Amino acid sequence: MEGHLTEAAKSNPGEIRYEGVHCNLTILRFPPRVALLRIQGCDVGEFGEAPMRALQESIRGADPIDLFVDARDVTGASIEVSGEWASWLSAHKIGLRSVTMLTGSRFIHVTAEFVRRFANLEGIMRICTEPAVFDRALADAIRAANAG
C-alpha cells in the first residue's frame, strides 16, 4: 500500500509529506541546493518508490545537492528498504554533493553504515549521532546555498 500525500503538501511544492500506518516521511526542499528527508517510525516500504521519485526532482539541476536525512525518530527499517535506499543513492550519487544522516539508535546507525558502504558514499556521506551537530550542518548548508 502506498502512503498518501497530504493536502498541505500538495499546496506547498517545497514540502512533500507521506503519511502511513508505520511511518511518516517528509521531504523539504531548500532552494537552491539543499534537501531534507525526515523519517519517523518504522520504514517498511509502504510508500513504494514515491519518496525516491520526489527526491530525484531535487537532484535534476546542474549543481549537486546537499542531502540531509533526519532519522532520529526512526524505530526500524527493513533490510529491503535499506537496500533500496542504498541502490537509489548509488545510482544518483552524481547529483549529490554530500549526504548527512542523523541516527537516533544504534540499530539505525549500523543500517546507515551499511547504506554508506553499499552505495559507495564513503567520501561524501557523514553519519551523525548528535542532533545539534546535524542541525548546525543543515543550517550551514542552507546559508551557504543561499549565499552562493
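## Worked exercises on a predicted model

Pro32 sits in the loop between strand E3 (23-30) and strand E4 (34-43). Helices (H or I, at least four residues) and strands (E, at least two) are DSSP runs, numbered from the N terminus. This is a predicted model, so local features need pLDDT of at least 70 and side-chain atom pairs count only at pLDDT 80 or more, while totals for chains, interfaces and linings use all residues. Residues are numbered from 1 along each chain as its sequence is written, and side-chain values use heavy atoms, with hydrogens and water left out.

**Exercise 1.** Find the kind of peptide bond that joins Pro31 and Pro32, then look up phi of Asn120.

*Solution.*
- Step 1: The bond joining Pro31 and Pro32 is cis, with omega at about 5°.
- Step 2: Go to the loop between H4 and strand E7 (125-128), where you'll find Asn120.
- Step 3: Phi of Asn120 is near 55°, a positive value in a residue other than glycine.
- Step 4: Why look twice at such spots? Because most residues other than glycine have a negative phi, and most peptide bonds are trans.

**Exercise 2.** Describe how helix H2 (residues 50-58) packs on helix H3 (residues 79-91).

*Solution.*
- Step 1: The axes of H2 and H3 come within 11 Å and cross at roughly 20°. Axes are lines fitted to C-alpha atoms, for helices over the stretch in contact, and angles run from 0 to 180 degrees between N-to-C directions.
- Step 2: H2 and H3 are therefore roughly parallel to each other (angles under 35 degrees count as roughly parallel, over 145 as roughly antiparallel, 65 to 115 as roughly perpendicular and the rest as oblique).
- Step 3: Pro51, Met52, Leu55 and Gln56 in H2 meet Glu84, Trp85 and Trp88 in H3; contact means heavy atoms within 4.5 Å.

**Exercise 3.** Now do H3 and helix H4 (residues 106-118), and place Ser82 in the picture.

*Solution.*
- Step 1: The axes of H3 and H4 are 8 Å apart, and the helices pack at an angle of about 35°.
- Step 2: On the H3 side you have Ser82, Gly83, Ala86, Ser87 and Leu89, which meet Thr111, Phe114, Val115 and Phe118 in H4.
- Step 3: Ser82 belongs to H3. With 7% relative accessibility, Ser82 counts as buried (buried means under 20% relative accessible area, exposed over 50%, partly exposed in between, with a 1.4 Å probe and protein chains only).
- Step 4: Skip the neighbours within four places in sequence, and Ser82 is in contact with Ala77, Thr111, Phe114 and Val115.

**Exercise 4.** Is Asp70 buried or exposed? Check Val99 too.

*Solution.*
- Step 1: Asp70 is part of strand E5 (residues 65-77), and at 5% relative accessibility Asp70 counts as buried.
- Step 2: Not counting residues up to four places away in sequence, Asp70 touches Leu36, Leu37, Arg38, Ile39, Leu102 and Phe134.
- Step 3: Asp70 and Leu37 are 33 residues apart along the chain, yet their C-alpha atoms are separated by 6.1 Å.
- Step 4: Val99, in strand E6 (residues 96-103), is buried as well, with a relative accessible area of 1%.
- Step 5: Leaving aside neighbours within four places in sequence, Val99 is in contact with Leu67, Ile124, Met125 and Arg126.
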